[in-house]
Amino acid sequence: MRMVYEMARRTMSLLPHWSSRVSSVELNGTPFYFSTQEKHRGEEVPRVFRGNDGRCYSLLVCSSDTIRRAKFYAELKDKLLTNLPPECHLSPMCSFLPNIKDSLLKGYFLKDTSESSSPTERLLRDLTQRDPVLVCSYLRGETGGVWTQHLWSDGDNHTMQMPKDYYVVPAEAPEHHPSTLNIINSDVFYSFEEAYQVLEKCGDIIPEARAVLELLPSREEARRKPDFPVIVIEGLDATGKTTLTESLRDALGASLLRSPPHCLSPMRARFDREPPLIRRAFYALGNYITAVQIGQEGMKTPVIVDRFWHSTAAYAIATAVSGPVCNLPAEGSEVYCWPSDLLQPSLVVCLTLDPEERRRRLRDRGQGKTEEEQELDHNQLFRLKVEKAYQRISGPACVTVDASPPADLVLQQVLLLIRGKCHL
Ligand SMILES: Nc1ncnc2c1ncn2[C@@H]1O[C@H](COP(=O)(O)OP(=O)(O)O)[C@@H](O)[C@H]1O
Ligand SMILES: Nc1ccn([C@@H]2O[C@H](COP(=O)(O)OP(=O)(O)O)[C@@H](O)[C@H]2O)c(=O)n1
């Protein structure tokens, strides 16, 4: 009974906006947009339905519990691929209010060309009863050329307080790409408190989250500005951060720290397997632990830091935003702002490297890589998005340094920058 109530409540909460919502279905990386309207006014059929002879469904993950939503979305694809008939084709889908923050719902569009609708519909009905998911089916009108959308209520396949026929019509691409709408506090956290709350809510399902919470400093400690300069070195894997940070430590008699800090190493692999919401909260909190260490060491010596908040934000934004680099939030967007409660370094240097040379260094090093780093290798677009996001982060901005010269020359160049900026 409680579940029915919850389903009704979340469905109803969507209704006032339902007709303003736009859906996007991604086919081979290209988004196709459509919306719904009560009356058929003879508009053309959206591209995603054109020439379609299969049955179509949409599934949107929908719960006010953000942890449940993130966890279920991460499981949904496997669940569908394992249980649906092989004639079903899945495409990523989302629904959103154009250019309205936090309005994004993610899910899948399903085209079923199998002979019988029963196995698919049985599975979808089960999902609506047990899981935080809204299912719609789409029917082609008898005269052809018109498609209607039906929102399923749980189990009984009735439309819920919705006009019987909702016609699907093509929609314009929005100004802001839908994948940018939910970045704040889902992918990037702008305060200790916001990231803390995510891990606190996970304590019951992820024991490592409790271990992380126990290591956290107080809110004030992470902002304390040390006497000595703090220099952060950023860049993609194998651009030479370790080499440079160790040389800087020796040349300047500095302390060398990193984010995530060593004390989080035992928990890291677990969080790397979690969905973005939880994984990114973990890395965000790692920066606050490192900030406290910087505050302490920086009272005695200059501090060099191997990765900090630029990495946390840039990787998170590049993963969250699908499609080409132009889909990233524009320069000056609030998503690139530094958290107000996190210590700001004196200088951030970002090492850049020609992709071919970076691959060569990776090969020579021959180490295992995180899945994300392997993705960077294969996916040129992702690499470009990380680099672009690095450049757009403000307060402090990063200074780009070409890391292709020999290591001692890169060191000399960065020492010059440090002496110019930090009076060392
Ligand atoms: N300036 C450089 N020129 C040539 N090789 C370099 C240079 N800097 C680092 N390397 C080599 O490239 C590889 C990756 O460097 P590393 O410092 O481990 O990068 P990161 O810490 O950014 O992953 C290592 O094998 C290192 O010896
Ligand atoms: N401060 C940081 C550091 C790393 N990270 C994440 O950790 C990954 C890279 O860390 P890494 O330790 O493998 O990188 P390297 O230091 O080996 O170059 C990135 O994929 C980021 O998602 C982060 O979010 N915030």
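Helices (H or I, at least four residues) and strands (E, at least two) are DSSP runs, numbered from the N terminus. With that in hand, the protein has 13 helices and 13 strands. This is a predicted model, where local features need pLDDT of at least 70, side-chain atom pairs count only at pLDDT 80 or more, and totals for chains, interfaces and linings use all residues. Residues are numbered from 1 along each chain as its sequence is written, and chains are lettered from A and ligands numbered from 1 in the order in which they are written.

**Exercise 1. Find the domains and describe their contact.**

Step 1. The domain assignment, which is automatic or taken from a database, gives domain 1 (2-180) and domain 2 (192-422).

Step 2. Residues are in contact if their C-beta atoms, placed from the backbone, lie within 7 Å. Domain 1 brings 10 residues to the contact and domain 2 brings 11.

Step 3. For classes, Ala, Val, Leu, Ile, Met, Phe, Trp, Tyr, Cys and Pro are nonpolar, Asp, Glu, Lys and Arg are charged, and the others, Gly among them, are polar. The side of domain 1 that touches domain 2 has four nonpolar, five polar and one charged residues.

**Exercise 2. Trace the open sheet of five strands and the helices across it.**

Step 1. Strands pair if DSSP finds at least two bridges between them. The order is β10-β11-β9-β12-β13, with parallel pairing.

Step 2. At the edges are β10 (255-258) and β13 (398-402), each pairing on one side only.

Step 3. Look at one pair: β9 (residues 230-235) joins β12 (residues 347-352) in the parallel sense over five bridges. Here Glu 234 stands opposite Cys 350 in β12.

Step 4. Angles run from 0 to 180 degrees between N-to-C directions, with axes fitted to C-alpha atoms, for helices over the stretch in contact. Helix α8 (residues 276-297) lies across β9, β10 and β11 (303-306), at about 170 degrees to β10. Helix α13 (residues 407-422) lies across β9, β12 and β13, at about 155 degrees to β12.

**Exercise 3. Which residues come nearest to ligand 1?**

Step 1. A residue is near a molecule if its C-beta atom, placed from the backbone, lies within 6 Å of it. Of the 15 residues around ligand 1, the nearest are Gly 240, Lys 241, Thr 242, Thr 243 and Arg 361.

Step 2. The elements giving two or more residues to this shell are α6 (241-252), α10 (355-365) and α13.

Step 3. By class, the shell has five nonpolar, five polar and five charged residues.

**Exercise 4. Place Leu 139 and its strand β6 in their surroundings.**

Step 1. Leu 139 lies in strand β6 (residues 133-140). A residue is buried if 20 or more other C-beta atoms, placed from the backbone, lie within 10 Å of its own, exposed if 12 or fewer, and partly exposed in between. Leu 139 is partly exposed because 13 other C-beta atoms lie within 10 Å.

Step 2. Now take the strand: six of the eight residues of β6 are buried, so β6 is largely enclosed by the rest of the structure.

Step 3. Strand β3 (residues 55-61) runs antiparallel to β6, joined by six bridges, and Leu 60 stands opposite Leu 134 in β6. Strand β7 (residues 147-151) also pairs with β6 in the antiparallel sense, over five bridges; Cys 136 stands opposite Leu 151 in β7.

Step 4. Not counting residues up to four places away in sequence, Leu 139 touches Trp 147, Thr 148 and His 150.

Definitions and conventions:
Contact = placed C-beta atoms within 7 Å.
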